[in-house]
Amino acid sequence: MTAVGIDAVEVWTGKLSLDLAETFAPEQGDDPAKYTKGLGLRESSFPDAHEDIVTMGANAAHRLMERKSLTPEDVGRIDVATESAFDNSKPVSTYIAGCLEQVYDGDFHHANKGERKFACIAGTQSLDDACNWIRAGRNRGRGALVIASDTALYERGDAGEATQGAGAVAMWVTEDPALVELSVEQGYGSADETDFLKPNQQFPSVDGKRSIQVYLARMREALEDFESVAGDVGPDDYAYAPFHTPYPGMVRKAALLAYRHTTRGTDVEDALAEDIGRQPRREAFDDESAFEDAVSDYTDALKERSEYREWYDARIEPTLAISERVGNWYTGSVHLARLSALHHAAANGRDLAGEKLLVASYGSGAQAEVHAETVRDGWREEVDALSIFDRVESRYDLSFAEYERVHDRHNHAKQAELDAFTTPEDEFVFDGWGPMNERTYRYVE
Ligand code: HMG
């Protein structure tokens, strides 16, 4: 079967940033270490006054099309994943196509467009849809633009406020891709949950502590389901394991679960048993809470072990480098984790071609998905073409009072007036409202 996957990626970060330790923590009366060490976050990204999910998505897609010398004729499909949509009928992909048509000759009338919703996992689902469209032979030689764009804002004062973020990831999905090939094998863990939801409201209702447990439970199911089709996963089978990253501390918990799961019944567990005992087995316990206490004790001991720490430092920590600087981008988050890993390999001169990634996505509500990706020969050139950290560094650093005004600006109920902090250049900007209450956009050179 022909390889299908991601040929190239571009990223657009919201142009403003909030320093969590220096600026946010003092206003909350919190120890800065809660953010930097506990949650594992340094900064959040925010959209400037003229930015929203359309401008960020269109700007990432435009950058991608320019770099790959694509024309509208090359694009057979535009899928946008978001959970920040402002229209219940007209998809964000049509607004983005409209933006791109302002700067390209030709149009996207031939391109199938849609919008995917399932919390943060929708980005991966859109990627999956695009791959399947190509595998089914329905693409007529064209590729798919898959764009994950979100403004992840919480109600002021909500515990989730520390994990906010905003940005877009645009992926070019083709046959014979340069970056990664996606496996056909996938595993799912899916259940009707109310951990995080937005029933006709902009800001989420969140049961924060429970959301952590639901993430872990669905992730374990997805990993087991993946193994049922792809075979057992060993801890060293994959060069990196990018996870959905609402904040790095969540991934630290998921990594412990993954390591426990993939070492159970192996020589690694036997070797560790001399010092920390064997992993608790559910069948050996009469009641669930005694079993959970035993798992918690084992996990606490495991995370101090050098075997685990070395594994974590090599395969998980490198996936968090972008996330800790930008916060949660919801649908784009796991795709940033993949990029962080590839960037780490490039920065360390590692030849990754032919190696595998284990990619673990999650969306509240709730569903996890696990699949494998094989790194392709052209990966290095693609990663070198990205300048994500330069863009992160060039954001405008907000004071707390400015942050409050930015939050009010993007709060749909307030839509407060705000002068932009940055000067638009070579980018799409939000321009006001049209006669049908549609948002309008223009390109600024
Ligand atoms: P919180 O109550 O503000 O924080 O809420 P906390 O008190 O639990 O502290 C956070 C961590 O910092 C803890 O670590 C503390 O111990 C530690 P843990 O025990 O969990 O390992 N800590 C410190 N460490 C060092 N020095 C200190 C210090 N103080 C505390 N001084 C919570 C945290 C995540 C619940 C909150 O931010 C929240 O509600 N976030 C939104 C929900 C969320 O992100 N859930 C994650 C899983 S669900 C998901 O990923 C889906 C999502 O992306 C949405 C979608 O799919 O669309 C959110």
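In which helix is Glu292 found? Glu292 is part of helix 9, which covers residues 288-302. The structure described here is a predicted model. This report covers charged surface patches, annotated domains, salt bridges and some backbone details.

**Surface patches**

Glu292 belongs to a negative surface patch, whose other members are Asp286, Asp287, Asp293 and Asp297. Glu292 has a relative accessibility of 45%, so it is classed as partly exposed.

A patch of positive charge also lies on the surface, where Lys34, Lys209, Arg252 and Lys253 gather. Lys34 sits in helix 2, residues 33-39. Because its relative accessibility is 46%, Lys34 counts as partly exposed.

**Annotated domains**

Two domain features come from an unreviewed UniProt entry. The record places "Hydroxymethylglutaryl-coenzyme A synthase N-terminal" at residues 3-175. Over residues 3-175, helix makes up 33% of the chain and strand 29%. The C-alpha atoms at the two ends of residues 3-175 are 6 Å apart.

The record places "Hydroxymethylglutaryl-coenzyme A synthase C-terminal" at residues 195-414. For residues 195-414 the chain is 53% helix and 10% strand. The end C-alpha atoms of residues 195-414 are 26 Å apart.

**Salt bridges**

Side chains of opposite charge can pair when their charged atoms come close. With a side-chain nitrogen of Lys or Arg required to lie within 4 Å of a carboxyl oxygen of Asp or Glu, the count comes to 36 salt bridges. Three of the pairs are listed below with the distance between their closest N and O atoms.

| Positive residue | Negative residue | Closest N and O atoms |
|---|---|---|
| Arg325 | Glu43 | 3.0 Å |
| Arg116 | Asp129 | 2.9 Å |
| Arg380 | Asp384 | 3.2 Å |

Arg325 forms a salt bridge with Glu43. This pair links distant parts of the chain, with Arg325 in helix 11 (residues 323-326) and Glu43 in strand 3 (residues 43-46), 282 residues apart. Are the two partners buried or exposed? Arg325 is buried because its relative accessible area is 9%, and Glu43 likewise counts as buried at 9% relative accessibility. The cut-off that applies to both is a relative accessible area under 20%.

Arg116 is bridged to Asp129. The Arg116 and Asp129 pair also links distant parts of the chain: Arg116 lies in strand 5 (residues 112-116) and Asp129 in helix 5, 13 residues apart. Arg116 has a relative accessibility of 29% and so counts as partly exposed. Asp129 is partly exposed too, with a relative accessible area of 22%.

Arg380 and Asp384 form a salt bridge within one helix, helix 13, residues 379-384. Why are Arg380 and Asp384 separated by about one helical turn? They are 4 residues apart in helix 13, which means a separation of about one helical turn. At 34% relative accessibility, Arg380 counts as partly exposed. Asp384 is partly exposed as well, its relative accessible area being 47%. Elsewhere among the salt bridges, shared partners join Asp7, Glu10, Arg67, Lys68 and Glu382 into one network.

**Backbone details**

Ser69 is not a glycine, although it has a positive phi of about 50 degrees. Ser69 occupies the loop between helix 3 (53-67) and strand 4 (75-81). With a relative accessible area of 60%, Ser69 is exposed.

Arg140 is a further non-glycine residue with a positive phi, again of about 50 degrees. Where is Arg140 found? Arg140 is in the loop between helix 5 (122-135) and strand 6 (143-152). Its relative accessible area is 71%, so Arg140 is exposed.

Gly365 and Ala366 are joined by a cis peptide bond, with omega at about 5 degrees. Ala366 lies in a loop with strand 11 (356-363) on one side and strand 12 (367-375) on the other.

Methods
Residues are numbered from 1 along each chain as its sequence is written. This is a predicted model: local features need pLDDT of at least 70, side-chain atom pairs count only at pLDDT 80 or more; totals for chains, interfaces and linings use all residues. Side-chain values use heavy atoms; hydrogens and water are left out. Patches are made of residues with over 30% relative accessible area and no salt bridge: like charges are joined within 9 Å, nonpolar side chains (Val, Leu, Ile, Met, Phe, Trp, Tyr) within 5 Å. Accessible areas come from the Shrake-Rupley method with a 1.4 Å probe; for residues, only the protein chains shown count as cover. Lys and Arg count as positive and Asp and Glu as negative; His and the chain ends are not counted. The place of a charge is taken as NZ of Lys, CZ of Arg, CG of Asp or CD of Glu. Buried means under 20% relative accessible area, exposed over 50%, partly exposed in between (1.4 Å probe, protein chains only). UniProt positions are given in the numbering used here, feature names are shortened, and annotations may be inferred rather than shown by experiment.
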